[in-house]
Amino acid sequence: MTANRHVVLVGGGHAHLHVVRAAASLHGAGAQVTLVAPRYFWYSGLATAVVGGSREPAEDRIDLAELTQRCGVHWHDGSVTSVRANERKLVLDDGRVLDYDVASFNIGSEVDLPEPLPSDPRLWPVKPIAGLARLRAELCSQRRDSPLRVTVVGGGPTGCEVMGNLAGLARREGLDVRLTLCHAGDRLLPDAPAGAARRVAANLQGRGVTLRAGCRLGFTDTGEARLDEAPAEADYLVAATGLRAVGLARTLGATSDGIPVTATLQHPQYPTLFAVGDCAHFLPRPLPRVGVFGVRQAPILQVNLAAALNEGVLRAYHPQRRYLTILNLGDGTGLALRGRWWWHGRLMLAWKHRLDRDFLQRQRC
Ligand SMILES: Cc1cc2nc3c(=O)[nH]c(=O)nc-3n(C[C@H](O)[C@H](O)[C@H](O)COP(=O)(O)OP(=O)(O)OC[C@H]3O[C@@H](n4cnc5c(N)ncnc54)[C@H](O)[C@@H]3O)c2cc1C
């Protein structure tokens, strides 16, 4: 069939990896498919293992140049800077304008920090993930007479995982570091069972981490970081203060929660525009910003993109209520959380490694 339609996938996130691999179905529906994305997809599931040094950065990324070529998808190495949805046009970072019949956004999230990003050079947001690989390299290259003070801000799953793996890195590399985990609440992991939070707190403290509860990150007008209104005494400040949709996504809706989408993953005003994953604001109910939702949306998105091209029937996505999270604590153990249940031990980390390996292998074959 001649391709006389154009599907543009913006962002190489979890769901778009699936759509690219299954692009034959869109080709069969008479469409040419283009992916606009930076060259590498970084997988957050392994990101903290990269911080801790148990995985190499190259193991944690998928080469989209290679994947798109294998699947017959055009690839533009770059990003979309603005959207003219009324005209079905996307403006690219090199100034070119791309027409589309159907477009889908899977452009992810960023750390919730003031805009523009404060200029304090000690600040390391946990996203983009590639920055965490650079952080590890930098910490390992430091040679000093006094201990390196590394503070992680954020007591959620990401902050705890990053801190556990920094403790693991210090041990593995023999680094002289003083590690502090600051969090705004009165306990770690506020959404997890209290017993699980106590286990993680004891684990981190047992490995030399200082915990500071009720502590907030702020910035002066000149962009200098402060903790609890006082100058932050740290050489590195890793910000894990929660995720929000990336800036472009926050411009595409009435609120700044992300690109609004209905149950069929379509923008309510622009039905040829779809969004999935962390950049989407799922109107039926807000979804947590974790990778599993993008992964589960992928097959529905795939079917709906083809249906939108041919005025077919679209399917609704029904998100699950509960989901499994496994934290890599950086000491060879994992903490699995699902609703009010939790389990801690080496077996949990082995389980996580298996899930991560299976996901990455699927993208590479
Ligand atoms: C340290 C860390 C660990 C985490 N661990 C887990 C975990 O174990 N399990 C879990 O479920 N979740 C985890 N998360 C959350 C997880 O990162 C996100 O929920 C997930 O990545 C969202 O996936 P996504 O497909 O929406 O977007 P992403 O995976 O973020 O992909 C979006 C892509 O779009 C690209 N992009 C951005 N803007 C543009 C643009 N304008 N044009 C073109 N391309 C663009 C980006 O470069 C990126 O490659 C973790 C997060 C962090 C920070």
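Start by selecting Asn328 and Gly334: Asn328 stands opposite Gly334, which belongs to β24. Widen the selection to residues 325–328, strand β23, and residues 334–338, strand β24; the two run antiparallel and are joined by four bridges. Strands here are DSSP runs of E with at least two residues, helices are runs of H or I with at least four, and both are numbered from the N terminus. Two strands count as paired if DSSP finds at least two bridges between them. Now click on Gly330. Five residues sit between the strands of this hairpin, and Gly330 has a positive phi near 80°.

A quick word on what you have open: this is a predicted model, where local features need pLDDT of at least 70, side-chain atom pairs count only at pLDDT 80 or more, and totals for chains, interfaces and linings use all residues. Residues are numbered from 1 along each chain as its sequence is written, and side-chain values use heavy atoms, with hydrogens and water left out.

Next stop, the ligand. Which residues are closest to the ligand? Of the 29 that surround the ligand, the closest are His14, Ser44, Val80, Asp278 and Gly291. To be near the ligand, a residue needs a heavy atom within 4 Å of it. Color this shell by type and you get 12 nonpolar residues, 13 polar and four charged. In that scheme Ala, Val, Leu, Ile, Met, Phe, Trp, Tyr, Cys and Pro are nonpolar, Asp, Glu, Lys and Arg are charged, and the others, Gly among them, are polar. Domain 1 (5–110 + 244–309) and domain 2 (113–241) each give at least three residues to the shell; the bounds come from an automatic or database domain assignment.

Zoom in on the polar contacts, which are pairs of N or O atoms within 3.5 Å. A polar backbone atom of His14 is 2.8 Å from an oxygen atom of the ligand. Over at Gly291, a backbone N or O atom is also 2.8 Å from a ligand oxygen, and for Arg289 the distance from a backbone N or O atom to a ligand oxygen is 3.2 Å. Taken alone the ligand exposes 990 Å², and the protein buries 85% of that (accessible areas by the Shrake-Rupley method with a 1.4 Å probe).

Now for the sheets. Select β5, β2, β1, β9 and β21: in that order, these five strands form an open sheet with parallel pairing. β5 (74–77) and β21 (273–275) are at the edges with a single partner strand each, so one side of each has no neighbour in the sheet. Within this sheet, three bridges join β9 (residues 102–105) to β21, and Phe105 stands opposite Ala275 in β21.

Move on to the second open sheet, also of five parallel strands, in the order β11-β18-β12-β13-β14. Which strands stand at the edges here? They are β11 (123–125) and β14 (210–212). Strand β13 (residues 177–182) runs parallel to β14 through three bridges, and Leu181 has Leu211 as its bridge partner in β14.

Finish with some backbone oddities. Most residues other than glycine have a negative phi, and most peptide bonds are trans. Select Glu115 and Pro116 to see a cis peptide bond with omega about -10°; Pro116 is in the loop between β10 (109–111) and β11. Another cis bond joins Lys127 and Pro128, with omega about 0°, and Pro128 lies in the loop between β11 and α5 (130–141). Last, pick Leu189, whose phi is positive, near 45°, in the loop between β13 and α7 (194–206).

Conventions. Polar contact = N/O pair within 3.5 Å; in protein donor to acceptor, adjacent residues only side chain to side chain.
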